[in-house]
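Here are a few exercises to work through with the model open beside you. Try each task before you read its solution.

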Amino acid sequence: MAPSPCAICKTNRALILRPKDHSKLCKPCFISVFETEIHHTITTNKLFHRGEQIAIGASGGKDSTVLASVLKTLNERYDYGVDLILLSIDEGIKGYRDDSLETVKRNAQQYDMPLTILGYDELYGWTMDQVVEQVGKKGNCTYCGVFRRQALDRGAARLGVKHVVTGHNADDVAETVLMNLLRGDLPRLSRTTSIITSTPSAVSTDPNSHTNIKRSKPLKYAYEKEIVLYAHHKSLDYFSTECIYSPEAFRGSARALIKNLERVRPSAILDVVRSGEDMAKLVPGSDEGCGGVCASAVPAAEEEEGGCGSSNGRTAGGEMATMEQQLAQNEVAAENGLEVEIKSSTLSAPSRKGKKPKGVAPSPRKAPKQVMGQCKRCGYLSSQDVCKACVLLEGLNKNRPKHSIQVDDYAQENTTSGVHSVTNGLKKTHIEVD
């Protein structure tokens, strides 16, 4: 069979079967289409303005690496006039984050961008290895997700940056929409489906406050598989190992469901995203009714980040890595005139045990409306008096071994001679006990 021509240029041989719509494209046309769609997302949603300094949340993974590469390309091509820098968070996971940060350092040199790295130990007095040692692997993503979100904001505030972009893609957003539906938590849909989340300045009178940080997702409508394809064909340097703690995350269940739907209907991912956007407008307390204030402070960890960006909760622990290996093999096949088709790995469908139990239908539940304020301890935007991060830290510090007790100075001022350290609003007193 003669090779198929590219659906766009009609001249080059088609090498890529695009996952989003199954159109057959050549390599140059795929790269051009991918970049053009990201540019359209940026301009349509007015994500950037000239003269703005933007921090890219860089983890070294495929999403943040592609985001940095695309933004650099588009900024030069379309003259956005923005200043791009890299901001990385070191969760303190040996054998994972320490290796990925080496990739980030190389990216900083390759893209000629300044790089700042902040660690959990510096910000909170705990590394994720220490947290997991204390609480176990089950539920550890809750700690990491909450800490990571605040860490990015605190890092941006230190740098004087008011805008942080993250590499969340369409798969991530669709997974999060399903997670909230499965949990019956509709009020969070507004935040999870919004491409921009920001804190109105009225919430904080301090211009340097870490609660006044704008967040955006330029890759919101980009498929994860297409991000891998782009990284592969652009020969980008990124880290593909999965987080050693993430397989326990609830997100893995939603991801398996999304992948099953995608196999049957390729547009399912964007369909779920669009449906989530439409449902969010109908929920009390959404951006439509409160100008974004209510939607900007959802404290749950798994709503956006499970500590390791978009790599958390992978079902098989290496689905995208397997795809990368297949891409390398396809390079050889392409030279022989064959088309490259990206297929989803086979996922077993859940068995149906029994019928739906009979009973009286529950009465409609009224969705709560969040009232935003600031955490009394650290000043972070929160719908509660004490934010989720401070609550988690309090629990960790109570169970800290006797020889190294960490006292929260928001609750009391300790006069015992110790070592005081102020970390971007989190003041701690370390007391060494004999």
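**Exercise 1: Two residues with positive phi**

Serine 235 is exposed, with a relative accessible area of 64%; the cut-offs are under 20% for buried, over 50% for exposed and partly exposed in between, with a 1.4 Å probe and protein chains only. Before going on, note that this is a predicted model, in which local features need pLDDT of at least 70 and side-chain atom pairs count only at pLDDT 80 or more, while totals for chains, interfaces and linings use all residues. Residues are numbered from 1 along each chain as its sequence is written, and side-chain values use heavy atoms, without hydrogens and water.

Task: find where serine 235 lies, and describe the phi of aspartate 79.

Step 1. Serine 235 sits in the loop between H9 and helix H10 (251-264); helices (H or I, at least four residues) and strands (E, at least two) are DSSP runs, numbered from the N terminus. Its phi is near 55°, a positive value in a residue other than glycine.

Step 2. Most residues other than glycine have a negative phi. Aspartate 79 also has a positive phi, near 55°, and belongs to the loop between H2 and S4.

Step 3. Aspartate 79 has 47% relative accessibility, so it counts as partly exposed.

**Exercise 2: The helix before serine 235**

Task: decide whether helix H9 (residues 224-233) is largely enclosed or open.

Step 1. Nine of the 10 residues of H9 are buried, so the rest of the structure largely encloses this helix.

Step 2. The buried set includes Glu224, Lys225 and Glu226, along with Ile227, Val228 and Leu229.

**Exercise 3: Building the sheet**

Task: work out the strand order of the open sheet, then trace the connections around S4.

Step 1. The six strands run in the order S5-S4-S3-S6-S8-S7, with mixed pairing; two strands pair if DSSP finds at least two bridges between them. S5 and strand S7 (196-197) are the edges, each pairing on one side only.

Step 2. Strand S3 (residues 53-57) pairs with S4 in the parallel sense over five bridges, and isoleucine 54 has leucine 84 as its bridge partner in S4. On to strand S6 (residues 163-165): S3 pairs with S6 in the parallel sense over three bridges, with alanine 55 opposite valine 164.

Step 3. S4 and strand S5 (residues 115-119) are parallel too, over five bridges, and leucine 87 stands opposite threonine 116 in S5.

Step 4. S3, helix H2 (residues 62-78) and S4 form a right-handed β-α-β unit; right-handed means that, with the strands pointing away from the viewer, the path from the first strand over the helix to the second runs clockwise. From S4, the chain passes through helix H3 (residues 97-110) to S5 in a right-handed β-α-β crossover.

Step 5. Strand S4 (residues 83-90) is mostly covered, with six of its eight residues buried.

**Exercise 4: Into the core**

Task: which residues touch the most other members of the largest nonpolar core?

Step 1. A nonpolar core is a set of buried Ala, Val, Leu, Ile, Met, Phe, Trp, Tyr and Cys residues joined through side-chain atoms within 4.5 Å. The largest one has 59 residues, and Phe48 and Ile56 touch the most other members.

Step 2. Beyond its neighbours within four places in sequence, phenylalanine 48 has contacts (heavy atoms within 4.5 Å) that include Ile42, Ile54, Leu71 and Val165.

Step 3. A second, separate core of 36 residues includes Tyr120, Tyr124, Phe147 and Ala389.
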